[in-house]
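Colleague: I should like to learn how the features of a protein model are read. May we go through them in turn, with the general idea before the case?

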Amino acid sequence: MDEPYLKLDQFLKWAGAVESGGQAKMVIQAGQVMVNGEVENRRGRKLRKGDSVAFNEQSWVVDSEVR
């Protein structure tokens, strides 16, 4: 069975870091978002429990079961 995940653009919306999917796409493609310490340019990047996301001087750790 696959581990649950959440896509990066969806996570940014869920976390309140961006207001829309379009804004998420723009900041991700502009190289402004880091996942696990590395710049991530794929908005469909699958985030799983334990991954860290940083954007706009904020950071989050995916710490719950996401679906």
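Colleague: In what pattern do the helices and strands of the protein chain follow along the sequence?

Modeller: Helices (H or I, at least four residues) and strands (E, at least two) are DSSP runs, numbered from the N terminus. Here the protein chain reads β-α-α-β-β-β-β-β, which comes to two helices and six strands. The model is predicted: local features need pLDDT of at least 70, side-chain atom pairs count only at pLDDT 80 or more, and totals for chains, interfaces and linings use all residues. Residues are numbered from 1 along each chain as its sequence is written, and side-chain values use heavy atoms, with hydrogens and water left out.

Colleague: What radius of gyration does the protein chain have, and what would a compact globule have?

Modeller: The radius of gyration is taken over C-alpha atoms, and the globule rule is 2.2 Å times the number of residues to the power 0.38. With 67 residues, a compact globule would have a radius near 11 Å, and the 11 Å of the protein chain agrees with this. The C-alpha trace spans about 35 × 20 × 20 Å along its principal axes.

Colleague: What percentage of the residues of the protein chain count as buried?

Modeller: Buried means under 20% relative accessible area, exposed over 50%, and partly exposed in between (1.4 Å probe, protein chains only). Of the 67 residues, 31% count as buried. Ala-15, in the loop between α1 (8–14) and α2, counts as partly exposed because its relative accessibility is 25%. Ala-15 and Trp-60 are 45 residues apart in sequence, and their C-alpha atoms are 8.3 Å apart in space.

Colleague: How many salt bridges are there?

Modeller: Side chains of opposite charge can pair when their charged atoms come close. A salt bridge is a side-chain nitrogen of Lys or Arg within 4 Å of a carboxyl oxygen of Asp or Glu. The count by this rule is two. Glu-40 pairs with Arg-42, with the closest N and O atoms 2.7 Å apart, and with Arg-45 at 2.9 Å, N to O. Glu-40, Arg-42 and Arg-45 are thus linked in a network.

Colleague: Is Glu-40 buried or exposed?

Modeller: Glu-40 is buried, because its relative accessible area is 6%.

Colleague: Where is Lys-25 found?

Modeller: Lys-25 is found in helix α2 (residues 21–29). At 33% relative accessibility, Lys-25 counts as partly exposed.
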